[in-house]
Amino acid sequence: MVIFSVIIGIVLFLIGSTLKNNASPLTKFAGLFKIGAVFVIAIGLFSSMFKQIDAGKVGVQSLYGNVQSDILESGLHIINPLLDITEFDIQTQNYTMSAIHSEGAQEGDDAIRVLSNDGLEVVIDLTVLYRISPSDAPKIFKQIGVNFSDKIVRPVTRTRIRDNAVYYDAVALYSTKRNEFQQRIFKSIEDDFKKRGLVLEQLLIRNINLPASVKLSIESKINAEQDAQKMTFVLQKEKQEAERKRVEAQGIADYQRIISMGLTDKQLQYEQIKAQKELAASPNTKIIFMNGKGNTPVILSDK
């Protein structure tokens, strides 16, 4: 803006000088052109003295290629009109590398393909959450530039994942060692980012894809384990049922043994007489045959 204003002002000043030195009907306007030149240059310089930095950003100052170490925080600032201000976003940013064409930061299949300890190719989808350290923004601008995501975030992340994946088997990466692997690569990537002025906030392993043959083996193993657990449950249930029947049978046997030992003939005869009397008292009873002494029955009737 200021350079454009200066150029316009110089052009107007030269036009005014030319008109003043030449006999022309426009000579009387030569002074106006010079005044306009001064006014345009002044307006350009004045407007360039104010710079607004939006929230979540910082401004890096440079003068003819010389990067200043101090930064401009968010807000309105009065600066040298000749300074060039480059804004950097210091909010959390994400960089996704995915096998799905429309999800990643780059078009197409951008997933990370690594070789595991057992020589199998594993495909990893990953998202990196990071931000710029505000105090390091001038260093990033001077040493890396504004395209730091493609120069640092992407290559460092992919390299560190490949370097650490070789310590794990494919199945372990997919299941038991997944969290350990994520913590390990987080530490190594965090150190590399810190050296370059970036802060790694979180590393999200979205998906780990194994070769189809390995997936089939895992599924077969899981199904076999589930079948074995089901059979164990059935056997335990059958054992419990057999134990229940054994206890029930033992209880019946004990009951019969106690009864046979505790009852006498006279007690049985007494209980029989009580039952027959109760039966005779029933309104539905008409005739009852009872044994008397010896084999002679006693007949009871309500008629």
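1. A good place to start is Ser133, which is buried, with a relative accessible area of 15%; the cut-off for that label is under 20%. Ser133 lies in the loop between β8 and α3 (137-143). Please keep in mind as you read that this is a predicted model.

2. Which residues does Ser133 touch, leaving aside its neighbours within four places in sequence? They are Gly197 and Val199. Arg196 is worth a look here too: its C-alpha atom is separated from that of Ser133 by 9.4 Å, with the two positions 63 residues apart along the chain. Gly197 itself comes just after α6 and takes a positive phi of about 90°.

3. That leads to helix α6. Its 18 residues, 178-195, should span 26 Å at 1.5 Å a residue, and the C-alpha atoms at its ends are indeed 26 Å apart, so expectation and model agree.

4. Which residues of α6 are buried? You will find Phe181, Ile185, Ser188, Ile189, Asp192 and Phe193 in that group. Looking down the axis of α6, these buried residues fall within an arc of 140°, so they line one face of the helix. On the other side of α6, Asn179, Gln183 and Lys194 are exposed.

5. The cover over the buried residues of α6 is also worth tracing on screen. What provides it includes two strands, β8 (121-132) and β9 (198-209), along with two helices, α4 (148-165) and α5 (170-174).

6. Turning to charged pairs, the count of salt bridges comes to 13. Side chains of opposite charge can pair when their charged atoms come close. One of these pairs joins Lys51 to Glu87, with the closest N and O atoms 4.0 Å apart. This pair links distant parts of the chain, since Lys51 sits in strand β1 (residues 50-53) and Glu87 in strand β5 (residues 84-89), 36 residues apart. Lys51 has 24% relative accessibility and therefore counts as partly exposed; Glu87, at 28%, also counts as partly exposed. Lys57 belongs to the picture as well, as Lys51, Lys57 and Glu87 are linked in a network of salt bridges.

7. Two further salt bridges deserve a mention. Arg113 and Asp109 meet through their side chains at 2.7 Å, N to O. Arg113 counts as partly exposed because its relative accessibility is 34%, and Asp109 is partly exposed with a relative accessible area of 38%. The other bridge is between the side chains of Glu248 and Arg244, at 3.4 Å from N to O.

8. How many residues apart are Glu248 and Arg244 in helix α7 (residues 212-262)? They are four residues apart, about one turn of the helix. Glu248 has 44% relative accessibility, which means that this residue counts as partly exposed; Arg244, at 43%, is likewise partly exposed.

9. Helix α7 also holds Phe233, and this residue is exposed, with a relative accessible area of 54%. Phe233 forms a nonpolar patch on the surface together with Met231, Val234 and Leu235. Together the four have about 400 Å² of accessible area.

10. For a backbone check, I would point you to Tyr64. Its phi is near 55°, a positive value in a residue other than glycine. Where does Tyr64 lie? Tyr64 is in the loop between β2 (57-63) and β3 (66-72). With 70% relative accessibility, Tyr64 counts as exposed, the cut-off being over 50%.

11. Last comes Gln68, in strand β3. At 25% relative accessibility, Gln68 counts as partly exposed. Setting aside residues up to four places away in sequence, Gln68 touches Gln61, Ser62, Leu63 and Pro138. Leu83 is 15 residues from Gln68 in sequence, and their C-alpha atoms are 9.7 Å apart in space.

Methods. Residues numbered from 1 in each chain as written. Predicted model: local features only at pLDDT ≥ 70, side-chain atom pairs only at ≥ 80, totals over all residues. Heavy atoms only, no water. Expected span 1.5 Å × (residues − 1). Buried < 20%, exposed > 50% of the residue type's maximum accessible area, 1.4 Å probe, protein only. Arc of directions from axis to C-beta. Contact = heavy atoms within 4.5 Å. Patch = residues over 30% accessible without salt bridge, like charges linked within 9 Å, V, L, I, M, F, W, Y side chains within 5 Å. Areas by Shrake-Rupley, 256 points an atom, 1.4 Å probe, with all protein chains shown as cover.
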